[in-house]
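Here is a friendly walk through a ligand site and the pockets of one protein model. Have the structure open as you read.

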Amino acid sequence: MTRFDGRVALVTGGASGIGKATAQRIASEGGAVVIADVQDDLGAQVATEIEKNGGKALFVHLDVTSEDGWNDAVAKVVDAYGALDILVNNAGIGDTEAIEVTSLDTWNMVVAVTQTSVFLGMKAAADALKKSGKGSVVNISSMYGIVGSGVSPAYHAAKGAVRLLTKTTALGWAKEGVRVNSVHPGFIDTPILGDTDRDMLIAGTPMGRLGRPEEIAALITFLASDDATFVTGSEFVADGGVTAG
Ligand code: NAD
C-alpha cells in the first residue's frame, strides 16, 4: 500500500511549479490526481506525463476565480473518479509594487486568484470532501501571509486571509472528517518569481539557497495523508529559516 491508494486529489495551479510537483508526488504514491489550471497545454502535459509513468491523472480547465468553473470542475472529478478526498488550493499570483502605486484592478485580480479562489474551492468541494470521511484540504499561503515585506499589499493581504480562512474552516469541519491546513513557503524556484533577482532572495534566506517545488510538495502531501490525521487548523512554514529571526 502507498499513502494515496484509492484517494482522489484536485490540485489547482497544477500545470507548474509547486502544484505540478504536488500532483506528481500524489500520483507517484497511488492517488488519482486532477490537475486544474488556466494553462491548458502545460496542464495537459503534466497529466500525460503522469499517465505515461503509470499514474492516474486528468487535466481540467479551471479559472479558480469562477464559481461556476469550480462547480463544473468538482463535478468532473467526481464523474471521473467517483470521489474527492484531497483539495490542494495552490493557484496564486502576486503583485510587486508599493501600496501608493498599486491599482485597484491589480488588487482585485490578486485577491480574486489568490484569496477568493480558496473560499470558492472549499465551498464547491465541501459535500464531496465530507462524503470522503478522510477529507483533507491544503491551502497554499506563503511566509508572506505571516510577515510583511514592505510591498505587494494585495499578495500579503490575500495570503494572510488564506491563513485564517483555513483555521475557521478547519474548526467548522473538525467533526465532519475534513482536515484543513495551510502551508507557507519561502522563496521557491518556480516561474512565479519572474525576473526577481534570485541572488537577492538567496541572500535573504538563512539556508543560502532557494527552495525546490518538491520540498513544498513533500509538506503538502504529508498534510494530505494519513500521516497527519490529528492535524487541522495549523500553519506550516517551509522557508529555509527566513521567518525564524
Ligand atoms: P507558478 O507560477 O509556477 O504556479 C502557479 C500556477 O497557478 C500556474 O500554473 C498558473 O497558471 C496557475 N494559475 C494562475 N492563475 C490561475 C487561475 N485564475 N486559475 C487557475 N490557475 C491559475 O508558481 P508557484 O510558485 O508554483 O505557486 C504556487 C503557489 O505557491 C501560489 O499560491 C504562490 O503564491 C505560492 N507561493 C509561492 C512561492 C514561491 O516563491 N514560488 C512562495 C510562497 C508561496
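Which atom of Asn90 lies 2.7 Å from an oxygen atom of the ligand, backbone or side chain? For Asn90 the partner is a backbone N or O atom. Before going on, please note that this is a predicted model, in which local features need pLDDT of at least 70 and side-chain atom pairs count only at pLDDT 80 or more, while totals for chains, interfaces and linings use all residues. Residues are numbered from 1 along each chain as its sequence is written, and side-chain values use heavy atoms, with hydrogens and water left out.

**The ligand and its shell**

Two side chains also hold polar atoms beside ligand oxygens: Ser16 has an N or O atom at 2.5 Å, and Asp37 has a polar atom at 2.6 Å. A polar contact here is a pair of N or O atoms within 3.5 Å. On its own the ligand has 830 Å² of accessible area, and the protein covers 93% of this (Shrake-Rupley method, 1.4 Å probe).

The ligand is surrounded by 29 residues (a heavy atom within 4 Å), with Ser16, Asp37, Asn90, Tyr155 and Thr190 the closest. Helices α1 (17-28) and α5 (153-172) each give at least two residues to this shell (helices are DSSP runs, H or I, of at least four residues).

**The pockets**

The ligand takes up the space of the largest pocket (more than half of its atoms lie within 2 Å of the grid points). A pocket is an open set of points on a 1 Å grid over the protein atoms alone, where a 1.4 Å probe fits, with protein on both sides within 12 Å along at least five of seven lines; lining residues have an atom within 4 Å of a point.

The volume of the largest pocket is about 1200 Å³. Its lining has 44 residues, and Gly92, Ile93, Gly94, Tyr155 and Ile192 are closest to the centre. Two or more lining residues come from each of α1, α4 (104-132), α5 and α6 (198-203).

The second largest pocket holds about 160 Å³ of space. Among its 13 lining residues, Gly211, Glu215, Ala238, Asp239 and Gly240 lie nearest the centre.

The table sorts the residues by class, with Gly counted as polar.

| Group | Nonpolar | Polar | Charged |
|---|---|---|---|
| Shell around the ligand | 16 residues | ten residues | three residues |
| Lining of the largest pocket | 22 residues | 18 residues | four residues |
| Lining of the second largest pocket | six residues | four residues | three residues |

Conventions:
A polar contact is a pair of N or O atoms within 3.5 Å; within protein, one must be able to donate a hydrogen and the other to accept it, and residues adjacent in sequence count only if both atoms are side-chain atoms. Grid points are joined across faces, edges and corners, and a volume is the space filled by probe spheres set on the points.
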